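Here are some exercises to work through with the viewer open. Try each task before you read its solution.

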Amino acid sequence: FATVVYRERVTLCSLVPTQASQLLDAGWTPPDAVRAILLGGAAAPRSLLERLRREKWPVLTTYGLTEACSQVATQPPGVPLAADPGVGVPLQTVEVKIADGEIFVRGPHVAGVALPDGRITDADGWLATGDLGSLDAEGWLHVAGRKDDRIVTGGENVDPLEVEAALEGVPGLEAICVFGVDDPEWGQLVAAAVVGDYDAIELRSRLASLATFKRPRRIASLPALEIGRTGKVDRVATGRAASARLEPLD
């Protein structure tokens with residue numbers, strides 16, 4: 001990737017957070033020809049965004065899906081991120097609405113056919129994305145995760161991204177993936193796979209800020225999280241890898 005960007009004098013490119021983090025760790029710096037790097041495909045930790053800004057990467061957060069030509073909302077150039085940044089504002093040709101917590105999109109570039117997973121645009125052209133989110137007062141879109149990633153424990157809904165965000169910045173914690181494990185009493189328990197020699201006291205302190213039902217009840221240390229072919233963390237595969245190592249987290 002880095003070689004092609006330099007050789008072809010690439011001006012615009014797209015990365016998922018894992019790829020950006022790996023390039024940073026390798027000491028790569030975008031050449032001057034690169035005007036913008038769209039960062040999307042998965043949640044970008046605030047610490048990663050701040051690191052990219054310090055290194056002067058021209059990064060713009062973004063959200064999209066294949067059925068909408070990969071673009072729905074993008075951070076406007078020159079507009080700094082707020083404390084809770086979201087992913088950007090809907091593009092001019094795209095309409096976004098939230099129904100029952102799910103993101104729906106409509107526009108001329110949104111697929112209007114039946115999809116392999118059974119989804120289809122409705123009679124008014126709205127497509128259910130399968131992603132959870134919200135729109136703030138300024139019109140910025142915030143993505144809370146995948147609808148099918150949601151954990152239901154004792155009848156309560158837990159979104160893994162919220163738990164992961166609460167633990168971001170714990171000293172020594174290099175990566176975290178939250179997922180659900182089956183439980184005969186609760187239906188599911190919240191569990192976490194972590195990477196790094198983390199500060200356990202600080203981790204528990206951060207968890208205290210969450211509602212009790214959102215706190216992981218099981219935890220496993222892994223050498224690395226499972227990464228899919230697209231460069232995103234594979235939540236299901238990570239859960240499988242962590243299952244034999246899970247221990248109670250009081």
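Which residue just after α2 takes a positive phi? In this predicted model, the residue is G27, with a phi of about 80°.

**Exercise 1. Lay out the open sheet and find its edges.**

Step 1. Begin with the strand order: the open sheet has 5 strands, arranged β1-β2-β3-β4-β5, and their pairing is mixed.

Step 2. Next, look at the edges. β1 (12-15) and β5 (89-90) each have a single partner strand, so one side of each is left without a neighbour in the sheet.

Step 3. Zoom in on one end of the sheet. Strand β4 (residues 73-74) runs antiparallel to β5 and is joined to it by 2 bridges. Here T74 stands opposite V89.

Step 4. Now add the helix. α2 (residues 17-25) packs on the sheet, where it touches β1 and β2 (36-39), and its direction makes about 105° with that of β1.

**Exercise 2. Decide which face of α2 is turned inward.**

Step 1. List the buried residues of the helix: P17, A20, L23 and L24.

Step 2. Look down the axis of α2. The buried residues fall within an arc of 125°, so they line one face of the helix.

Step 3. Check the face turned away from that buried side; it carries the exposed residues Q22 and D25.

Step 4. Ask what covers the buried residues: the cover includes β1, β2 and α3 (46-54).

**Exercise 3. Describe the hairpin of β6 and β7.**

Step 1. Strand β6 (residues 95-99) pairs with strand β7 (residues 102-106) in the antiparallel sense, over 5 bridges. V96 in this pairing stands opposite V105.

Step 2. Between the two strands of the hairpin there are 2 residues, and D100 in the turn has a positive phi of about 55°.

**Exercise 4. Work out whether C13 and C69 are bonded or free.**

Step 1. Apply the cut-off: a disulfide needs two cysteine sulfur atoms within 2.5 Å. The count comes to 0 disulfides.

Step 2. Check C13: the nearest cysteine sulfur is that of C69, 19 Å away, and C13 is in no disulfide.

Step 3. Compare their surroundings. C13 counts as buried at 11% relative accessibility, whereas C69 is exposed, with a relative accessible area of 55%.

**Exercise 5. Trace the aromatic cluster.**

Step 1. Count the aromatic pairs: the structure holds 3.

Step 2. Take Y6 and W28. This pair is edge-to-face, at 6.3 Å centre to centre with 85° between the planes. Y6 belongs to helix α1 (residues 2-7) and W28 to the loop between α2 and β2, so the pair links parts of the chain 22 residues apart.

Step 3. Move on to W28 and W57. Their ring centres are 5.4 Å apart and their planes stand at 80°, so this pair is edge-to-face. W57 lies in the loop between α3 and β3 (59-63), so the pair ties together parts that are 29 residues apart in sequence.

Step 4. Compare accessibility. Y6 is partly exposed at 44%, while W28 is buried at 9% and W57 is buried at 4%.

Step 5. Put the rings together: F1, Y6, W28 and W57 form one aromatic cluster.

**Exercise 6. Place A33 and find its contacts.**

Step 1. A33 sits in the loop between α2 and β2 and counts as buried at 16% relative accessibility.

Step 2. Leaving aside neighbours within four places in sequence, A33 is in contact with R9, V10 and T11.

How values were computed: Residues numbered from 1 in each chain as written. Predicted model: local features only at pLDDT ≥ 70, side-chain atom pairs only at ≥ 80, totals over all residues. Heavy atoms only, no water. Pairing = 2+ DSSP bridges. Helix = DSSP H or I, 4+ residues; strand = E, 2+ residues; numbered from the N terminus. Contact = heavy atoms within 4.5 Å. Axes fitted to C-alpha atoms, helices over the stretch in contact; angles between N-to-C directions. Buried < 20%, exposed > 50% of the residue type's maximum accessible area, 1.4 Å probe, protein only. Arc of directions from axis to C-beta. Phe/Tyr/Trp six-rings, centres within 6.5 Å; stacked < 30°, edge-to-face > 60°.
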